[in-house]
Amino acid sequence: MRIYVLIVLSLWGAYYYATRKVQFKFHDSLEYAKKNPQAKWAPSLDYYVGMAYYQRSEYPQAQEAFTQLLTDYPTSQYAPKALLYLAEVAERNSDWEAAKAALSRFIDKNPDNPKAETMKKKLELIKYHHP
């Protein structure tokens with residue numbers, strides 16, 4: 001029983017230390033991916049850094065990450081999802097031109113996607129409110 005308590009306290013201490021003292025610098029990850037564009041993991045890193053920012057509601061940084069992904073790897077497996085997230089974060093950042101461009105690109109590149117019709121309507125709505 002003592003060993004169990006010791007293990008639990010050790011894990012809790014490590015978690016506490018990591019959450020208080022270690023700061024992940026996602027922006028450094030984006031810079032690293034940009035310096036290594038030929039690496040197979042670079043598109044994944046851009047996408048997941050963007051998702052981390054998105055989930056933390058840090059929309060300007062998410063927009064930067066998704067833009068980097070789509071600029072450097074426009075045909076990657078993450079491109080369709082990244083376009084949708086880019087449109088959403090650009091909309092939240094009131095960057096209407098970027099939102100319209102991302103939606104237009106998604107519709108053009110993925111006409112058979114089940115979300116294409118919904119995105120067409122969203123694009124029309126954004127164009128109506130923000131010509």
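A residue counts as exposed when its relative accessible area is over 50%, as buried when that area is under 20%, and as partly exposed in between. The structure described here is a predicted model.

**Helix α1 and the nonpolar patch**

With a relative accessible area of 55%, Tyr-4 is over the 50% cut-off and is therefore exposed. Tyr-4 sits in helix α1, which spans residues 2–21. Together with Ile-3, Val-5, Ile-7, Val-8, Leu-9 and Leu-11, Tyr-4 makes a nonpolar surface patch of about 720 Å².

**Helix α4**

Helix α4 covers residues 59–72 and has 14 residues. From its first C-alpha to its last, helix α4 reaches 20 Å, close to the 20 Å expected at 1.5 Å a residue. The buried residues in α4 are Tyr-59, Ala-62, Gln-63, Ala-65, Phe-66, Gln-68, Leu-69 and Leu-70. Asp-72, by contrast, is partly exposed, at 28% relative accessibility.

**Salt bridges**

Side chains of opposite charge can pair when their charged atoms come close. The structure holds six salt bridges; three of them, including their N to O distances, are listed here.

| Salt bridge | Closest N and O atoms |
|---|---|
| Lys-34 and Asp-72 | 3.8 Å |
| Glu-88 and Arg-92 | 3.1 Å |
| Lys-120 and Glu-117 | 3.2 Å |

The salt bridge between Lys-34 and Asp-72 links distant parts of the chain: Lys-34 belongs to helix α2 (residues 26–35) and Asp-72 to helix α4, 38 residues apart. Lys-34 is partly exposed, at 44% relative accessibility.

The other two listed pairs each lie within one helix. Glu-88 and Arg-92 are four residues apart in helix α5 (residues 79–92), and so are separated by about one helical turn. Lys-120 and Glu-117 are three residues apart in helix α7 (residues 116–129), which also means a separation of about one helical turn. An α-helix has 3.6 residues a turn, so residues three or four places apart point the same way.

In the α5 pair, Glu-88 is partly exposed at 21% relative accessible area, and Arg-92 is partly exposed at 48%. In the α7 pair, Lys-120 is partly exposed at 33%, and Glu-117 is partly exposed at 48%.

**Lys-100**

Lys-100 lies in helix α6 (residues 96–109). Its relative accessibility is 10%, under the 20% cut-off, so Lys-100 counts as buried. The Lys-100 side chain reaches the backbone oxygen of His-130 at 2.7 Å. Leaving aside neighbours within four places in sequence, Lys-100 is in contact with Leu-123, Ile-126, Lys-127, His-130 and Pro-131.

Conventions:
Residues numbered from 1 in each chain as written. Predicted model: local features only at pLDDT ≥ 70, side-chain atom pairs only at ≥ 80, totals over all residues. Heavy atoms only, no water. Expected span 1.5 Å × (residues − 1). Buried < 20%, exposed > 50% of the residue type's maximum accessible area, 1.4 Å probe, protein only. Patch = residues over 30% accessible without salt bridge, like charges linked within 9 Å, V, L, I, M, F, W, Y side chains within 5 Å. Areas by Shrake-Rupley, 256 points an atom, 1.4 Å probe, with all protein chains shown as cover. Salt bridge = Lys/Arg side-chain N within 4 Å of Asp/Glu carboxyl O. Polar contact = N/O pair within 3.5 Å; in protein donor to acceptor, adjacent residues only side chain to side chain. Contact = heavy atoms within 4.5 Å.
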